[in-house]
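Got your viewer open and your selection box ready? Load the model below, and we'll hop from one selection to the next.

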Amino acid sequence: MNEDKNYYIQLNSRVEKMLRKSEFLGAGHNGIVYLLPNKRVIKIFKNKKVCAGEYNIFTKTRKSKYFPRVYEHGAYYIVRDYASGVRLDKYIKKHGMNKTISHNIIKLIEEFEKLKFNRLDIRCKDLYLMDDFSINVIDPKNNYSKNVIYPRHLMKGLNNLGVIDEFLSVVCDECPKIYELWNSKFKLYLEKNIK
């Protein structure tokens, strides 16, 4: 997360009281995240449209095991479950990729389809791995507004980590038709962006 914390949002006294007991976790382009004492997080957004968009996604995904439960929200904040575990990119840098992680990523993208997402993509840094390699999504964006038919950012991240071939090998074994689409789209993406 970047360190841009130079903005001010007026919050009610109850939310300010929560923040006094919280621990700073990080800051990103869209806001600041704090860990609350009850193992929940509060994300304070810079823009209420972005907050409403993320809340909308969490509302539509509330029955999915991949997304955190939301407890409350306001115009500029969301209180949700804390996603413990290790960030996917950090885990892969330290331990590499394995078939279970690849399989679970495929299942996650299938879940995106079941949830009728238009954007079947997410960044590596927005996925957290639990000890059993199950996956938690922390920062969904534009899943209903953007149209991306394969996990481009995710595959770009896996490529940068040097594990794209391992991932695509599992995709090929488990879902040959999906492999054809993802592999061909990603090759075109790489060719277009290398020039």
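What follows is a short walk through rings, charges, helices and a few loop residues. Keep in mind that this is a predicted model.

**Stop 1: a pair of rings on two strands**

There are eight aromatic pairs to find in this structure. Begin with Phe 24 and Tyr 34: the ring centres are 5.9 Å apart and the planes meet at 70 degrees, so this pair is edge-to-face. Colour the strands and you'll see that the pair links distant parts of the chain, with Phe 24 in strand E1 (residues 23–27) and Tyr 34 in strand E2 (residues 31–35), 10 residues apart. Turn on a surface and check Phe 24: at 34% relative accessibility, Phe 24 is partly exposed.

**Stop 2: the ring cluster**

Now select Phe 112 and Phe 117. Their centres are 4.9 Å apart with 40 degrees between the planes, a tilted pair. Are these two buried or exposed? Both Phe 112 and Phe 117 are buried. Add Phe 67 and Tyr 144 to the selection, and you have a cluster of four names joined by ring pairs: Phe 67, Phe 112, Phe 117 and Tyr 144.

Stay on Tyr 144 and show Lys 60. The charged end of Lys 60 sits over the Tyr 144 ring, 4.4 Å from the ring's centre.

**Stop 3: around Asp 81**

There is another charge over a ring to look at. Pick Arg 40 and Tyr 71: Arg 40 lies over the face of Tyr 71, 3.4 Å from the ring centre.

Both of those residues come up again if you select Asp 81, which lies in strand E5 (residues 77–81). Which residues does Asp 81 touch, leaving out those up to four places away in sequence? Show Lys 39, Arg 40, Val 41, Pro 68, Arg 69 and Tyr 71. Asp 81 itself is partly exposed, at 25% relative accessible area. For a sense of scale, draw a C-alpha to C-alpha distance from Asp 81 to Ile 106: these residues are 25 apart in sequence and 23 Å apart in space.

Next, click on Lys 39, one of the residues that Asp 81 touches. Lys 39 belongs to the loop between E2 and strand E3 (40–45) and counts as exposed at 55% relative accessibility. Check its backbone too: phi of Lys 39 is near 65 degrees, a positive value in a residue other than glycine.

**Stop 4: two asparagines in loops**

Go to Asn 142, in the loop between strand E8 (135–137) and H5. Asn 142 is not a glycine, yet its phi is positive, about 55 degrees. With 37% relative accessibility, Asn 142 is partly exposed.

Then select Asn 47, in the loop between E3 and helix H2 (48–60). Asn 47 is partly exposed as well, with a relative accessible area of 36%. Draw a line from its C-alpha to that of Ala 27: the two residues are 20 apart along the chain, and their C-alpha atoms are separated by 14 Å.

**Stop 5: a helix pair**

Last, show helix H5 (residues 152–160) and helix H6 (residues 164–174), which pack at about 130 degrees with their axes 7 Å apart. That angle makes H5 oblique to H6. For the contact, display Met 155, Leu 158 and Asn 159 on H5, then Ile 164, Phe 167 and Leu 168 on H6. What kinds of residue make up the contact of H5 with H6? Colouring by type gives five nonpolar, one polar and no charged.

How values were computed: Residues are numbered from 1 along each chain as its sequence is written. This is a predicted model: local features need pLDDT of at least 70, side-chain atom pairs count only at pLDDT 80 or more; totals for chains, interfaces and linings use all residues. Side-chain values use heavy atoms; hydrogens and water are left out. Rings of Phe, Tyr and Trp (its six-membered ring) pair if their centres lie within 6.5 Å; planes under 30 degrees apart count as stacked, over 60 as edge-to-face and the rest as tilted. Helices (H or I, at least four residues) and strands (E, at least two) are DSSP runs, numbered from the N terminus. Buried means under 20% relative accessible area, exposed over 50%, partly exposed in between (1.4 Å probe, protein chains only). A charge sits over a ring if NZ of Lys or CZ of Arg is within 6 Å of the ring centre and within 35 degrees of the ring normal. Axes are lines fitted to C-alpha atoms, for helices over the stretch in contact, and angles run from 0 to 180 degrees between N-to-C directions. Angles under 35 degrees count as roughly parallel, over 145 as roughly antiparallel, 65 to 115 as roughly perpendicular and the rest as oblique. Contact means heavy atoms within 4.5 Å. Ala, Val, Leu, Ile, Met, Phe, Trp, Tyr, Cys and Pro count as nonpolar, Asp, Glu, Lys and Arg as charged, and the others, Gly among them, as polar.
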